[in-house]
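Visitor: I have not looked at this structure before, and I would like to be led through it one question at a time. Could you put it in front of us and then take my questions?

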Amino acid sequence: MARVRKRLWAWLLAGFLLVAALTLYQAERTGRSESAADSCPESALECPGQEKPLPLPVPTAAPTDSPSAPVGPSPSATPATSATPSPTPPPPGSSAPPAPGPGCDAASPGACGFPDARSTGPRIALERHDTGNMSVKTDGMVIRGWDIRGSLDVYADNVTIIDSRITSTNWWGVNLRPGFKGLRVLHTTITALPGKGPDNGGVNYAVSNMGESSVEVGWCDVSVFGNALSMGQGNLHDNYVHDIVAFRNLGGEWQHTDAVISGGGNKGRLTVRHNTLLNSVPVDKGASAALGLFADTGVVSNVVVDDNWLAGGAYALYGGGPGATGIQVTDNVFSTQYHPHSGLYGAVAAWNAGGAGNVWRGNRMSDGRPVVPEPSP
């Protein structure tokens, strides 16, 4: 009997050792084991198999009491060394656009392959921070995973805001100050509280570029602000701008509203590619355009407007006006969601057909009709 027990135990021990060996072999062969999560870099948004986001960075920003000047000591926390990169949008013609789904119509940009609420905004869980209005002063700072109740005034180079939400009651959501560069705002929701802003209850700019270089805004969900994305130079791509709120400004007049606005006189390039730009504000309450290229501060030049979904405004697109050069408007869809002609008075105005380097090609209404600008007066 003792021999039988010994033999049985021997067989059980051999079986256990065999199973352990096979497990180790499988882990070695596939590269997957319990310790794999330890090698995930801190800069990654997610580790394979990890359900919760990685620890959030501490913001190196000082609160301010005024929207116009930084207050308080310079931030002392160590900035993140690098931002998690987002994919660079492919160049035009490098890949076929998504095939329109069965629900593709003038009021369904998402079903037609353009950005909407499902393809924009943060991709990870957020942590609430009632920051108020903050001045960001640390070069290379990364803000990720924050639900910010306030605004960001950037006095630093190469700041990145990614996978976050900003709810502002300030003049702006994010503002890059003169003398600074390299701002990136990615996968972020930027909105405001109607009636709580400083401009007679209104709010003006979701992202404003007063700096020295291009600002990248990508995969963002933007709403409420009167002139949502405001800059002379930048890279605006894959954004969803919608539900702009009309308001009377401090002068008592209806604030002019635009989903994207540029005032001209820019030194660098402005690229507006593959965005959904909606301006549902009535014209008698201030609507100007879905995309307004205006010569307010100088001649408009060096602008690419490619593969966007445009709707609303007096005209859906203002094209730069007399003297505008280097304006390329290609393969855009002018939706009839709000008006039969995309804008109340038409799809496009102020197009300088004779300007050097100006290109108008492949633009169409949402029902397929080609859009041809009227001759400039």
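The turns below go from the whole chain to single strands and residues.

Visitor: Before anything else, what kind of model is this, and how many helices and strands does the protein chain have?

Guide: What you see is a predicted model, and every answer I give should be read with that in mind. The secondary structure of the protein chain comes to one helix and 27 strands.

Visitor: What percentage of the residues of the protein chain count as buried?

Guide: The surface gives a useful background, since the protein chain exposes about 18200 Å², and carbon and sulfur atoms supply 56% of that area. As for the residues themselves, the chain has 377 of them, and the share that counts as buried is 49%.

Visitor: Among contacts between residues at least 6 apart in sequence, what percentage join residues at least 24 apart?

Guide: This question leaves aside pairs that lie less than 6 apart in sequence, and then asks about the remaining contacts in the protein chain. Of those, the part that joins residues at least 24 apart is 65%.

Visitor: In which order do the strands of the open sheet of nine strands stand, and which strands are at its edges?

Guide: The pairing in this open sheet is parallel, and the order is β3-β5-β8-β11-β14-β17-β20-β23-β26. An edge strand has a single partner strand, so one side of it is left without a neighbour in the sheet. From one strand to the next, the twist averages 5°. The strands at the edges are β3 (142–144) and β26 (359–361).

Visitor: Inside that sheet, how many bridges join strand β11 to strand β14?

Guide: Strand β11 covers residues 215–218 and strand β14 covers residues 234–237, and the two run parallel. One of the pairings sets Val215 against Gly234 in β14. The number of bridges that join β11 to β14 is four.

Visitor: Is strand β4 largely enclosed or largely open, and why?

Guide: Strand β4 runs over residues 146–154, and eight of its nine residues are buried. Because of this, the rest of the structure leaves β4 largely enclosed.

Visitor: Which strands pair with β4?

Guide: Strand β2 (residues 127–136) runs parallel to β4 and is joined to it by eight bridges, with Ser135 opposite Asp153. Strand β6 (residues 165–168) pairs with β4 in the parallel sense over three bridges, and there Ile166 is the bridge partner of Ile148. Strand β7 (residues 172–176) also pairs with β4 in the parallel sense over three bridges, with Leu152 opposite Val174. The partners, then, are β2, β6 and β7.

Visitor: Which residues touch the most other members of the largest nonpolar core?

Guide: That core holds 58 residues. Leu291 shows what such a position looks like, for when residues up to four places away in sequence are not counted, its contacts are Val260, Val272, Leu277, Val305, Leu310, Ala316, Leu317 and Tyr318. Apart from the largest core lies another, of seven residues, among them Phe114, Tyr240, Leu278 and Trp309. The residues that touch the most other members of the largest core are Ile161, Leu183, Leu277 and Leu291.

Visitor: Which cysteines does the disulfide join, and is each of them buried or partly exposed?

Guide: The structure holds one disulfide, and the link has an S to S distance of 1.9 Å and is right-handed, with 110° about the S-S bond. Since buried means under 20% relative accessible area, Cys112 at 10% counts as buried, whereas Cys104 at 30% counts as partly exposed. The pair joined is Cys104 and Cys112.

Visitor: Which residue in the loop between β4 and β5 has a positive phi although it is not a glycine?

Guide: Most residues other than glycine have a negative phi, and this is why a positive value draws attention. The residue is partly exposed, with a relative accessible area of 46%, and its phi is near 60°. In the loop between β4 and β5 (160–162), the residue is Asn158.

Visitor: Where does Pro375 lie, and is it buried or exposed?

Guide: Pro375 lies in the segment after β27 (364–365), and its C-alpha is 8.1 Å from that of Asn352, 23 residues apart in sequence. With 77% relative accessibility, Pro375 counts as exposed.

Definitions and conventions. Residues numbered from 1 in each chain as written. Predicted model: local features only at pLDDT ≥ 70, side-chain atom pairs only at ≥ 80, totals over all residues. Heavy atoms only, no water. Buried < 20%, exposed > 50% of the residue type's maximum accessible area, 1.4 Å probe, protein only. Pairing = 2+ DSSP bridges. Contact = heavy atoms within 4.5 Å. Areas by Shrake-Rupley, 256 points an atom, 1.4 Å probe, with all protein chains shown as cover. Disulfide = S-S within 2.5 Å. Axes fitted to C-alpha atoms, helices over the stretch in contact; angles between N-to-C directions. Core = buried A, V, L, I, M, F, W, Y, C linked by side-chain atoms within 4.5 Å.
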